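Here are some short exercises to work through with the model open beside you. Try each task before you read its solution.

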Amino acid sequence: MQRVLCVVAHPDDMEYGASAVVAEWTSKGVEVGYLLLTSGESGIRNLPPAAAGPLRAEEQRRACEIVGVTDLAILDFPDGLLEPGLALRQRIAMHIRRFKPDAVMTMTWDLETPWGLNHADHRAAGLAVVDAIRDADNPWLFRTTGGEAVDEAWSVSWLLVTESRNTHAIPVSKHSVDLAVASLGAHEAYLAALPDHPPPLELITSILDRTGKAAGRNHALGVRAIRIG
């Protein structure tokens, strides 16, 4: 894989283990882009959305810099109210056509996850990504009114789903784990608003060590890898 697009609902969604794999990829020359569907403006209870959205976007930019991601796009869909409809599918599909990834990574759309009940936005994002991958490969969908495609159709080879029924474990180095911990820590204001949130070091190492031990590695991220086409 030379190019991977990570599509998630909110700032910080990539930082719960997945950013360790991103750090591993970028260190080996893989180009990784992030597409966030919202700015997470409703995610800090004591901060109005107009203030929280820009703050969380800036924290996400810092998190991206830590793991070597320079391509960050944040869409303007409403935080907490994502729906896996045509509007969301189109925006994702058009971004896939522009970025031209070999693989797309997203979060599970299952209702139940290893850590509890899944967020409504995560479920909507995952479902929309599945459909948008198919849409992006269909040259007759999401064309301009003049009849010409905005971008050429693009075929994604792999869908990688985190926090799902794992089929693969992606090993990561201790250095990548450290970068993942720092990337989660970059969401300083968000974490400060969650007093019961475990420290980033404790949380990230527990996620990656558990999967790593199951796969006979020191540290690894579990994913469900689905071949497309």
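**Exercise 1. The nonpolar cores**

Task: Find how many residues the largest nonpolar core has, and which of them have the most contacts inside it.

Solution: Keep in mind that you are looking at a predicted model. Start with the count: the largest nonpolar core has 37 residues. The residues with the most contacts inside this core are Val-22, Trp-25, Val-32, Tyr-34 and Met-105. Next, ask which element supplies the largest share: helix 1 (residues 18-27) does, with 6 residues. Finally, look for a second core. There is a separate one of 27 residues, and Ala-9, Ile-92, Met-94 and Val-129 are among its members.

**Exercise 2. The neighbours of strand 7**

Task: Work out which strands pair with strand 7, and whether each runs parallel or antiparallel to it.

Solution: Take one partner at a time. Strand 4 (residues 103-107) is joined to strand 7 by 5 bridges, and the two run parallel. Here Ala-103 stands opposite Trp-158 of strand 7. Now turn to strand 9 (residues 220-227), which is linked to strand 7 by 5 bridges and runs antiparallel to it. In this pairing, Leu-159 has Ile-226 of strand 9 as its bridge partner. The last step is burial: strand 7 spans residues 158-162, and 4 of its 5 residues are buried, so the rest of the structure largely encloses it.

**Exercise 3. The largest pocket**

Task: Describe the space in the largest pocket and name the residues closest to its centre.

Solution: Begin with the volume, which is about 910 Å³. The pocket is lined by 38 residues, and Tyr-16, Met-107, Trp-115, His-122 and Glu-163 are the closest to its centre. Strand 4, helix 7 (200-214) and strand 9 are the elements that each give two or more residues to the lining. Helix 7 gives the largest share, 5 residues.

**Exercise 4. Two loop residues with positive phi**

Task: Are Asp-12 and Glu-163 buried or partly exposed?

Solution: Place each residue before you judge it. Asp-12 lies in the loop between strand 1 (3-8) and helix 1, and has a positive phi of about 90° although it is not a glycine. Its relative accessibility is 4%, so Asp-12 counts as buried. Glu-163 belongs to the loop between strand 7 and strand 8 (168-171). Its phi is also positive, about 55°, and Glu-163 is not a glycine. With a relative accessible area of 23%, Glu-163 is partly exposed.

Notes. Residues numbered from 1 in each chain as written. Predicted model: local features only at pLDDT ≥ 70, side-chain atom pairs only at ≥ 80, totals over all residues. Heavy atoms only, no water. Buried < 20%, exposed > 50% of the residue type's maximum accessible area, 1.4 Å probe, protein only. Helix = DSSP H or I, 4+ residues; strand = E, 2+ residues; numbered from the N terminus. Pairing = 2+ DSSP bridges. Core = buried A, V, L, I, M, F, W, Y, C linked by side-chain atoms within 4.5 Å. 1 Å grid on protein atoms, 1.4 Å probe; cavity = no way out; pocket = protein on both sides within 12 Å on 5 of 7 lines; lining within 4 Å. Points joined across faces, edges and corners; volume = space filled by probe spheres on them.
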